[in-house]
Amino acid sequence: MARKYRVVVDKGICQGHSVCVAHAPEVFRTIDNGGPYPMVDLITDRPGADLLPKVEAAEELCPNGVIRIVYEDD
Amino acid sequence: MTAIELPAEQKSRPIPFVSGAKAGIGHYGEFASTPLEFLHRAYDECGEVSEFDLAGLKTVLMVGAEAHEAFFRAPDNQLNAAAAYQMMVPIFGEGIQFGAPPEIERQQLRIQYQGLRYEKMASYYATVAKEVQDFIAGWGDSGEFDFYEAFTDLTLKTSTHCLLGSDFRYKLTGEFAELYHDLEQGLDAAAIRDPNAQNDAYTKRDAARIRLQELITEAVRDRRARDFHSDDMLEIYMTATYEDGTPLTEHEITGMVIWFMFGGHHTSSNTSAWTLLEMCRNPQYIDDLHAEVDAVFAAGKQSGMTTQRDLPLVEGFIRESLRMHPPLNAITRRVLYDFEYKGYKVEAGKNIMLCPHVAHKLPEYFPNPDVFDPRRPAPENVFAAIPFGGGRHKCIGNAFALLQVRTIFTWLLHFYEFELAQPPEYYREVMPTLILRPSDPCRVKYRRRKV
């Protein structure tokens, strides 16, 4: 059975590298809020099960460790 | 009525003071001559939070993931980087980065970031791969080389190539490397206290800054005269404007170049040197390393984008080298208003320092910390390993540095095998400037693989 999960990002340590956007553009985007770097923004924090491999890649490859997948197994 | 007992960590408590302070200079002598040994001693003696005195500059060392997180999440107007890093101002130049008001620094950082966007990264792999091929082209079947000097040279070429374009890179002379070296020599422990003191190293540093501006300005004017455009950082600096529309001056363009080089060069060259050394010291992994890079070649990805998923063991070696031998070991902020952590109060005017070399040896995050283990899992807490710093001032070139070192080893390990030219214990950690490096002579032997 597909695992239920949600995505959590820690904006306090994001520097806009955008690796997540490259790997899972359905889930992540960056926004320019006038700071020195763009900032990660979640398009959805509950992507479908089919997107899990992409979100896992984003979590693993983020240079700043910003992304965390929280599994919500019953 | 019962008094409510505060949890221990909310009670106010004095910060332990490191022993051995001398009249007038405090711990400065020991810190300047053996900084790492001193910082380890401070931690061993006092624990998570300790205080020492650098000739009047009161400094608090904080160690461990929790302490790091509190430090990195504090606002910049409380724990201030600019005030703590004034030794960089004569190197980058007045009006650049921490020599500029925060509002200007923020806009300059936005310009720097243009060169480090993910889309830009893809073009850097091929450039680095090309440089490594040229680097090994004359090696022959076997030999011996000084890997510290070789990586310093190689990463200077890769950095300038990615940054300033092929026109500048192929005009790169020994003079540029020497000037750059003079700038680095101006960064010693004494510069933390007074970067404008009168001494030979600082005089050479300032002369080098002036001459570098002449060389870079020449390149800028040459491009403008020829209406030459390129997909590199120099182009970005030449065309960027501040938010009010003002372009960067030649002084500022030079400063941006030096700033970027300082970030990208020494980190990568030292990390490459330590990584090669650890690969030689740990020959039990060599077959797996070769298998990993050979697979990248077999897939035709050797000049393109790779990740730690393609090269987990190579990446593990790089990250473990950064843990054991972090290049920069004094991450510092000036306290602008009182900072509290677990009941310790650090008053305004003091510095707070983090030391990766000390923090990366804590067994609670890194079991058997003195063992080099390239398959060591990353600690759960992202603030435990801090080779690139953390928070809003974390090195924005960290992804570039890793891609560069990863690409260097993809090529080196595919064509050659390496072995130490001296007994393993001859290679020690030394820190003649603020950067940790292996001691001379840094010699290894190489032999072409039969592939």
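## Contact between chains A and B

In this predicted model, 13 residues of chain A are in contact with 15 residues of chain B. On the chain B side, the elements that contribute two or more residues are helix 6 (102-114) and helix 17 (398-415). Helix 6 of chain B gives the most, with four residues.

By residue class, the side of chain B that touches chain A holds six nonpolar, five charged and four polar residues.

## Overall form of chain B

Chain B contains 17 helices and twelve strands. Its C-alpha atoms occupy a box of roughly 80 × 55 × 45 Å along the principal axes. The radius of gyration of chain B is 23 Å, which agrees with a compact globule, because a globule of 451 residues would have a value near 22 Å.

Of the 451 residues in chain B, 42% count as buried. Contacts in chain B between residues at least 6 apart in sequence are mostly between distant parts of the chain: 75% of them join residues at least 24 apart.

## Nonpolar cores

In soluble globular proteins, nonpolar side chains tend to be buried together. Here the largest nonpolar core has 77 residues. The members that touch the most others are Leu163(B), Tyr237(B), Met256(B), Val257(B), Ile258(B) and Ala273(B). Helix 13 (residues 250-281) of chain B supplies the largest share of this core, 13 residues.

Which residues does Ile258(B) contact, leaving aside its neighbours within four places in sequence? They are Ile91(B), Phe92(B), Leu183(B) and Leu212(B). Apart from the core of Ile258(B) lies another, of 36 residues, including Phe38(B), Leu61(B), Val63(B) and Ile386(B).

## Helix 13 of chain B

Helix 13 of chain B, the element with the largest share of the largest core, has 32 residues. The distance from its first C-alpha to its last is 46 Å, close to the 46 Å expected at 1.5 Å a residue. Helix 13 nevertheless has a kink of about 25°, centred on Met261(B).

Is this helix mostly covered or mostly uncovered? Helix 13 is mostly covered, with 27 of its 32 residues buried.

Methods: Residues numbered from 1 in each chain as written. Chains lettered and ligands numbered in written order. Predicted model: local features only at pLDDT ≥ 70, side-chain atom pairs only at ≥ 80, totals over all residues. Core = buried A, V, L, I, M, F, W, Y, C linked by C-beta atoms within 7 Å. Buried ≥ 20, exposed ≤ 12 C-beta atoms within 10 Å, placed from the backbone. Contact = placed C-beta atoms within 7 Å. Nonpolar A, V, L, I, M, F, W, Y, C, P; charged D, E, K, R; others polar. Rg over C-alpha atoms; globule rule 2.2 N^0.38 Å. Expected span 1.5 Å × (residues − 1). Bend = angle between axes of the 7 residues up to and from the residue.
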